[in-house]
Amino acid sequence: MAGAVESRLAELGLTLPAVVPPLASYQPAVQSGVYVYTSGQLPMVDGKLAVTGKVGAEVTPDEAKELAKTCALNALAAVKSVAGDLDRIKRVVKVVGFIASASDFTGQPAVLNGASELLGAVLGDKGVHARSAVGVAVLPLDAPVEVEVQVELVEA
């Protein structure tokens, strides 16, 4: 039976994906005490990137915002892989987004809103977080966006 968080995802028409396998030598998420830290999550769907390139050049800001939402879904899957149940999330503490940006693109915060808005829609007040939106020259696999999430869990 799905918990409240996964039921909310379903209400929003979303499905929690399988955890994206690591591209190198790391784990998708690790738990330390009551915190879970995800590795950077790319906007992978069914094992591949649907879009590549720089935001503000090959990728529009609106496309990138949707990709950030996909990254956040992948981050929730990674959290579940170590926490066991998304209903254990006490709060999202921090979100960091990396946006592969054209040299004149300055809309990184609006792109990362895709992830932040998804977390808020799914988790309500528990999804309110601190965050950083960082423009970078290039990301793995030429992904336009990468998102990492830190959550605090309730004690099991």
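**Reading Gln41 and its surroundings**

Student: Which residues is Gln41 in contact with, once its neighbours within four places in sequence are left aside?

Tutor: Leaving those neighbours aside, Gln41 is in contact with Val20, Pro28, Cys71, Asn74, Ala75, Ala78, Val145, Glu146 and Val147. Please keep in mind throughout that this is a predicted model.

Student: Where is Gln41 placed, and is Gln41 buried or exposed?

Tutor: Gln41 sits in the loop between strand S2 (35-38) and S3. A residue counts as buried when its relative accessible area is under 20%, and Gln41, with a value of 4%, is therefore buried.

Student: How should I read the nonpolar core, and which of its residues touch the most other members?

Tutor: One reads a core through its best-connected members and then through the elements that supply them. The largest nonpolar core has 39 residues, of which Leu76, Ile89, Val145, Val147 and Val151 touch the most other members. Two or more residues come from each of helix H1 (4-11), H2, strand S5 (89-100), helix H3 (108-123) and strand S7 (145-153), and H2 supplies the largest share, 12 residues. Another core, of 7 residues, lies apart from this one and includes Val20, Leu42, Met44 and Leu139.

Student: What does Val147 touch beyond four places in sequence?

Tutor: Beyond that range, Val147 touches Thr38, Ser39, Gly40 and Gln41, then Ala68 and Cys71, and further along the chain Val95, Val96, Gly97, Leu112 and Ala115.

Student: How much space lies in the largest pocket?

Tutor: A pocket is best read by its volume, then its lining. About 180 Å³ of space lies in the largest pocket; of the 13 residues that line this pocket, Pro17, Met44, Val45, Asp46 and Asn74 are the closest to its centre. Strand S3 (44-45) and helix H2 (61-83) are the elements that give two or more residues to the lining, with H2 giving the most, 3 residues. By class, the lining of the largest pocket is made up of 8 nonpolar, 4 polar and 1 charged residues.

Student: And which residues are closest to the centre of the second largest pocket?

Tutor: The second largest pocket holds about 160 Å³ of space, and of the 13 residues in its lining the closest to the centre are Leu23, Tyr26, Gly40, Gln41 and Leu42. That lining divides into 9 nonpolar, 3 polar and 1 charged residues, and Gln41 thus appears both here and among the contacts of Val147.

Student: What is the phi of Asp46, and what is the phi of Asp142?

Tutor: Most residues other than glycine have a negative phi. Asp46, however, has a positive phi near 55 degrees, and Asp142 has a positive phi of about 65 degrees. Asp46 lies in the loop between S3 and strand S4 (48-49) and, at 74% relative accessibility, counts as exposed. Asp142 lies in the loop between strand S6 (130-136) and S7 and, with a relative accessible area of 30%, is partly exposed.

Student: Is Arg88 buried or exposed, and which residues does Arg88 touch beyond four places in sequence?

Tutor: A charged side chain is read like any other, by its accessibility rather than by its class. Arg88, in the loop between H2 and S5, counts as buried because its relative accessibility is 17%, with the limit set at under 20%. Beyond four places in sequence, Arg88 touches Gln31, Ala83, Glu152, Leu153, Val154, Glu155 and Ala156. With Ala156 the separation is 68 residues in sequence, yet the C-alpha atoms are 7.6 Å apart in space.

Notes:
Residues are numbered from 1 along each chain as its sequence is written. This is a predicted model: local features need pLDDT of at least 70, side-chain atom pairs count only at pLDDT 80 or more; totals for chains, interfaces and linings use all residues. Side-chain values use heavy atoms; hydrogens and water are left out. On a 1 Å grid over the protein atoms alone, a cavity is a set of points where a 1.4 Å probe fits but cannot get out, and a pocket is an open set with protein on both sides within 12 Å along at least five of seven lines; lining residues have an atom within 4 Å of a point. Grid points are joined across faces, edges and corners, and a volume is the space filled by probe spheres set on the points. Helices (H or I, at least four residues) and strands (E, at least two) are DSSP runs, numbered from the N terminus. Ala, Val, Leu, Ile, Met, Phe, Trp, Tyr, Cys and Pro count as nonpolar, Asp, Glu, Lys and Arg as charged, and the others, Gly among them, as polar. A nonpolar core is a set of buried Ala, Val, Leu, Ile, Met, Phe, Trp, Tyr and Cys residues joined through side-chain atoms within 4.5 Å. Buried means under 20% relative accessible area, exposed over 50%, partly exposed in between (1.4 Å probe, protein chains only). Contact means heavy atoms within 4.5 Å.
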